[in-house]
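The following exercises practise the reading of a protein model, from the arrangement of whole elements to single residues. Each task is followed by a solution in steps.

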Amino acid sequence: MSLKPEHYRSALDARADGLWFEVHPENYMGDGGPRLAWLDAIRANHPVSFHGVGLSLGGPDPLDRDHLDRWKRLAGRFEPARVSEHLAWSSLGGRYFNDLLPTPMTQTALDRFCEHVDEMQSALQRQVLVENPSRYLPMRDDIPEPEFLAETVRRTGCGLLLDINNIHVSAHNLGFDARAYLDAVPAGAVGEIHLAGHDSDAGLGEALLIDTHGRPVSESVWSLYEAAIRRTGPQPTLIERDTDIPAFETLLQERARAQLILDAARSREPAHA
Amino acid sequence: MPDDFHTAFADALRTGRTDPLQPYLAEAGAAGRLSVYRNNVVRGAIEALRAAFPAIDRLIGSRLFDALARAYWHTHPPERPTLILYGDAFADYLAGAEPVAGLPWLADVARHDRAWLEAHHAPGGRPLGAADAAGLAPETLPALVPGLQPSVRLLTSPWPAYDIWHRNRVEPDDAPMRADPGQYFSLLWRKDGTVCSRMLHAGEHAFLDALGGGAPLETAAQAGLAAEPGFDPAAAFAAALNDSLLKGPLT
């Protein structure tokens, strides 16, 4: 589950089998204080993964070396089970836009993205998982997104963090087939899966779905998740919730539903080579 | 090197002008969807500021806070890829913001919110404790240079900003507010993971300020006495030990 400050105590005390937590390292880049102390304590009881939102791997600028250094220090201290970042950009010319902005699917962007993924993996001395974005703007893509990701995997040896809600939201917003997208990504490279809820846009309504992480996982996303697990085999799965955060127990229930799907997959033959 | 697409996109986030983005989009009219990103970016910055300046939000109300935070985002965009310490110039910004010009104490209240945030995220480290001090030969104390813990923040205001801040953040109440000009001193610091705060007299403020500047105890005591004739250096030293304000352990 996503680790939220309001759940620190519950997370520390939780004993569910196989439970792990994910944090945005950016939220722990202070010099000290109780937030880091909580993460130390929780890390002593549960695996923790790092999911970055600020490196701007999909942007045109060189990576922020100071930010990468802070990443290294935190990863050294907490030894996360997995580390991930996004196919997106968030910084330009020293200005930080705190959102995951769309990387154009072009050859130039692919080359730069691969260099950045390489740089992050070299700095952290480990494999990074790259997450597929939520998309809202229909852009003139030269390369289909699954192909862009597959080529990144091939060139850099990175893994994929498959966000099922993002696939659903993007497919809806841009009008592509979510199942075909699933079939096109390299299933063997998937090392983590995200599940989250979405909302309709306040202005455009159902025409535009927004990846808010503010609601329970939708039925269509659960169904897509089952299809994904059939392709990838059971993978560590995160219930993401960042706004309208419910009680810890409510999130545990969603997590239990994902666990059932994973357990069922484990009892079958592995679906992937 | 930024290309035209990213520059156009960043400009659109700042200004809402989407025409330069049109060549990169697959559908006419799709640029309206850019507002999703624009809302995320601006709203994220506003909410980060609101979380960092809760006393200001309570004092001026969320609508005015939104407007000021949005204007601040335009003139002081985040430069680091994390928002946990965003807003270092927000108090200065408020000091010059026309809509709150009638609240001359507001910027100093904001400085207290900021001090809270900095104390919260400051490095830790074992403080100098009473037992450490008891182990020292008394004749060595005057030359002792303890320094202050990194979380310690000392504030001065010509307004009772600490009192206003405290009553809008630490123990909120709706009693009528007085803002009599004068000279007010306050202290925020972190102890055992919790940010603490209290008012100071002029002497204790001068004493701690001198220690923070690297002065030995004797010099700091003199600074305290110069600021306030009735200042009691022994009591101030004991309070600093008790509150874990000083650096330790001794070497």
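**Exercise 1. The outline of chain B**

Which pattern does chain B follow when it is read along the sequence?

Solution. The model is a predicted one.

Step 1. Read along the sequence, the elements of chain B appear as α-α-α-α-α-α-α-β-α-β-β-α-α-α.

Step 2. Chain B holds 11 helices and three strands.

Step 3. Consider next the overall dimensions. Along the principal axes, the C-alpha atoms of chain B fill a box of roughly 80 × 45 × 25 Å. The radius of gyration of chain B is 23 Å, whereas a compact globule of 251 residues would have a value near 18 Å.

Step 4. Of the 251 residues of chain B, 45% count as buried. Among the contacts in chain B between residues at least 6 apart in sequence, 65% join residues at least 24 apart.

**Exercise 2. The open sheet of chain A**

State the order of the strands in the open sheet of seven strands in chain A, and identify the edge strands.

Solution.

Step 1. The order is β1-β2-β3-β6-β7-β8-β11, and the pairing is parallel.

Step 2. The edge strands are β1 and β11 of chain A, each of which pairs on one side only. From one strand to the next, the twist averages 25°.

Step 3. Examine one pair in detail. β8(A) and β11(A) are joined in the parallel sense over three bridges. A:His194 stands opposite A:Leu238, which belongs to β11(A).

Step 4. Add the helices that lie across the strands. Helix α3 (residues 65-78) of chain A lies across β2 (48-51) and β3 (83-86), running at about 170° to β2(A). Likewise, α8(A) lies across β8 and β11 of chain A, at about 170° to β8(A).

**Exercise 3. The two sides of a helix**

Describe helix α9 of chain A, and explain why its buried residues lie on the same side.

Solution.

Step 1. Helix α9(A) covers residues 248-267, which makes 20 residues. From its first C-alpha to its last it reaches 28 Å, close to the 28 Å expected at 1.5 Å a residue.

Step 2. List the buried residues, for which the relative accessible area must be under 20%. In α9(A) they are A:Phe248, A:Leu251, A:Glu254, A:Arg255, A:Ala258, A:Ile261, A:Leu262 and A:Ala265.

Step 3. These residues cover an arc of only 140° around the axis, and therefore lie on the same side of α9(A). The general rule is that an α-helix has 3.6 residues a turn, so residues three or four places apart point the same way.

Step 4. The buried residues of α9(A) pack against α1 (8-13), β1 (21-23), β8 (190-195), α8 (219-232) and β11 (237-239) of chain A. The face turned away from the buried side of α9(A) carries the exposed residues A:Gln253, A:Leu260 and A:Ser267.

**Exercise 4. A residue in a strand**

Is A:His51 buried or exposed?

Solution.

Step 1. A:His51 is located in strand β2 of chain A.

Step 2. A:His51 counts as buried because its relative accessibility is 1%, and the limit for a buried residue is under 20%.

Step 3. Leaving out residues up to four places away in sequence, the residues that A:His51 touches include A:Glu22, A:His86, A:Glu131, A:His194 and A:Glu240.

**Exercise 5. Positive phi values**

Where in chain A are A:Glu79 and A:Gln125 found, and what are their phi values?

Solution.

Step 1. Begin with the general expectation: most residues other than glycine have a negative phi.

Step 2. A:Glu79 is not a glycine, yet has a positive phi of about 45°. A:Glu79 has its place in the loop between α3 and β3 of chain A, and with a relative accessible area of 54% it is exposed.

Step 3. A:Gln125, also a residue other than glycine, has a positive phi near 55°. A:Gln125 is found in the loop between α4 (107-124) and β6 (129-131) of chain A, and counts as exposed at 68% relative accessibility.

**Exercise 6. A hairpin**

How many residues form the link in the hairpin that joins β9(A) to β10(A)?

Solution.

Step 1. Strand β9 (residues 199-201) and strand β10 (residues 205-210) of chain A run antiparallel and are joined by three bridges.

Step 2. The hairpin connects β9(A) to β10(A) through three residues.

Step 3. A:Asp199 has A:Ile210 in β10(A) as its bridge partner.

How values were computed: Residues are numbered from 1 along each chain as its sequence is written. Chains are lettered from A and ligands numbered from 1 in the order in which they are written. This is a predicted model: local features need pLDDT of at least 70, side-chain atom pairs count only at pLDDT 80 or more; totals for chains, interfaces and linings use all residues. Side-chain values use heavy atoms; hydrogens and water are left out. Helices (H or I, at least four residues) and strands (E, at least two) are DSSP runs, numbered from the N terminus. The expected span of a helix is 1.5 Å times one less than its number of residues. Buried means under 20% relative accessible area, exposed over 50%, partly exposed in between (1.4 Å probe, protein chains only). The arc is that of the directions from the helix axis to the C-beta atoms. Contact means heavy atoms within 4.5 Å. Two strands pair if DSSP finds at least two bridges between them. Axes are lines fitted to C-alpha atoms, for helices over the stretch in contact, and angles run from 0 to 180 degrees between N-to-C directions. The radius of gyration is taken over C-alpha atoms; the globule rule is 2.2 Å times the number of residues to the power 0.38.
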